[in-house]
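Reader: I like to know what stands behind each label before I trust it. Could you take me through the ligand site and the empty spaces of this model?

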Amino acid sequence: MKKNELRDTFFKKAKKDGYRARSIYKLKEIQEKYRLIKSGDTVLDLGCSPGSFLQYISDIIGEKGLVIGIDILPTPPLNKENIKTIQTDIKTADIKKIMETNSVESFDLVTCDIAPNLTGIRETDDKNIYELYEAVKGIVQGSLKKGGIFLLKSFFTDTFKPINTDLKTIFKKVTIYKPEASRTSSPEVYLICQGKIQGP
Ligand SMILES: C[S@@+](CC[C@H](N)C(=O)[O-])C[C@H]1O[C@@H](n2cnc3c(N)ncnc32)[C@H](O)[C@@H]1O
């Protein structure tokens, strides 16, 4: 299937299924294969707007779970008890304060679906991807429980190898996964990081 056809298929499917973005089918595919999200989990979703990951995670974690979403843009309200959203830049977010306010000691799972604005200029894009990674890593180190799981959207550019290598020092296992729902021509890829070695 061609790039635009694949995008249109998932866009239409998301609309029909009541999801806010077609990104959901990437998370769904990963969840069906790796079972990262569990009932009762406390989850942090970085780059959450418009909210399809939040919708899907909320259904799996159930009423005993909580998902906190952060985005630099507003997230239209989802009106579910187990979803909280915060509008802020993850590069400056006070994650400890966010945890304290929501009575969270640590997260079971952190997901990050952020894509920096890509300019097409390789050096600039790689610098932005790495800067964003450093900010996300800081959040993960300070908030994800020992043994916890981190799902990161990454990119097949020169940043890929150093990021992958770095994550292997923080997690016992790092798996590279390119979902079917991700356009083949897109450099995006997901890193599934399991078994955080140290606690926050
Ligand atoms: C691909 S979208 C996420 C879609 C989301 N997973 C969903 O299912 O609806 C990426 C999001 O990352 C957000 N983002 C980009 N840079 C950010 C930053 N520095 N801090 C917080 N959010 C950021 C964008 O505003 C955008 O909403």
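Reader: What makes a residue count as one of the 18 around the ligand, and which come nearest?

Author: Happy to explain! A residue is near a molecule if one of its heavy atoms lies within 4 Å of it. On that test 18 residues surround the ligand, and G51, S52, D71, D89 and D113 come nearest. Please keep in mind that this is a predicted model, where local features need pLDDT of at least 70 and side-chain atom pairs count only at pLDDT 80 or more, while totals for chains, interfaces and linings use all residues. Residues are numbered from 1 along each chain as its sequence is written, and side-chain values use heavy atoms, with hydrogens and water left out.

Reader: Why is the pair between D89 and the ligand called a polar contact?

Author: A polar contact is a pair of N or O atoms within 3.5 Å. A side-chain N or O atom of D89 lies 2.8 Å from a nitrogen atom of the ligand, so the pair qualifies. Two backbones join in: an N or O atom of F53 is 3.0 Å from a ligand oxygen atom, and one of I90 is 3.0 Å from a ligand nitrogen atom. The protein buries 84% of the 600 Å² that the ligand exposes when taken alone, with areas from the Shrake-Rupley method and a 1.4 Å probe.

Reader: How do you know that the ligand sits in the largest pocket?

Author: Sitting in a pocket requires more than half of a molecule's atoms to lie within 2 Å of its grid points. The ligand is assigned to the largest pocket, so it passes that test. A pocket is an open set of points on a 1 Å grid over the protein atoms alone, with protein on both sides within 12 Å along at least five of seven lines; lining residues have an atom within 4 Å of a point. This one has a volume of about 800 Å³, the space filled by probe spheres set on the points. Its lining has 35 residues, with D113, I114, A115, P116 and K153 nearest the centre.

Reader: What makes the other space a cavity, and what is its volume?

Author: In a cavity, a 1.4 Å probe fits but cannot get out. The search finds one of 30 Å³ or more, and the largest cavity has a volume of about 80 Å³. Its lining includes C112, I129, L152 and F155, and divides into nine nonpolar residues, one polar and one charged.

Methods
A polar contact is a pair of N or O atoms within 3.5 Å; within protein, one must be able to donate a hydrogen and the other to accept it, and residues adjacent in sequence count only if both atoms are side-chain atoms. Ala, Val, Leu, Ile, Met, Phe, Trp, Tyr, Cys and Pro count as nonpolar, Asp, Glu, Lys and Arg as charged, and the others, Gly among them, as polar.
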